[in-house]
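Please examine the sequence and the structure shown here before reading the briefing.

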Amino acid sequence: ILDARIAYGVAAPIPIRSASAEAAAKGQPVCTDTVEAFSQAVLQDIHPRTSWRAGKEFREHIAVVMARRALTEAIQLSGGEL
């Protein structure tokens with residue numbers, strides 16, 4: 001993976017990019033371990049809160065799932081395979 005970027009609009013007080021996730025994927029081989037490391041690394045940068053709409057834990061779970069899906073889709077759209 002030459003470069004990967006991901007940003008969240010509602011996982012912190014202001015929209016943020018996840019530098020930790022981006023660093024976890026950059027220069028790594030295209031494989032499921034890299035995708036998993038990327039998706040888990042978003043938790044280092046996001047700061048969701050509990051509200052009446054959803055709990056912090058649920059928001060963290062969704063952020064990880066969406067990061068995993070986004071990187072997997074990007075790999076497939078660029079012609080790669082996992």
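The briefing below covers the nonpolar core, the salt bridges and a surface patch. The model is predicted: local features need pLDDT of at least 70, side-chain atom pairs count only at pLDDT 80 or more, and totals for chains, interfaces and linings use all residues. Residues are numbered from 1 along each chain as its sequence is written, and side-chain values use heavy atoms, without hydrogens and water.

**Nonpolar core**
- The largest nonpolar core (buried Ala, Val, Leu, Ile, Met, Phe, Trp, Tyr and Cys residues joined through side-chain atoms within 4.5 Å) has 18 residues, of which Ile6, Tyr8, Phe38 and Val42 touch the most other members.
- Two or more residues each come from helices H1 (19-25), H2 (32-41) and H3; helices are DSSP runs (H or I) of at least four residues, numbered from the N terminus.
- H3 gives the largest share, five residues.

**Salt bridges**
- There are three salt bridges, each defined as a side-chain nitrogen of Lys or Arg within 4 Å of a carboxyl oxygen of Asp or Glu.
- Glu36 and Arg68 meet in one of them, at 3.1 Å from N to O; because Glu36 lies in helix H2 and Arg68 in helix H3, the pair ties together parts 32 residues apart in sequence.
- Glu22 pairs with Arg17, with the closest N and O atoms 2.8 Å apart.
- Glu22 is buried at 11% relative accessibility, whereas Arg17 is partly exposed at 47% (buried means under 20% relative accessible area, exposed over 50%, partly exposed in between, with a 1.4 Å probe and protein chains only).

**Surface**
- Ile62, in helix H3 (residues 56-77), is partly exposed at 37% relative accessibility.
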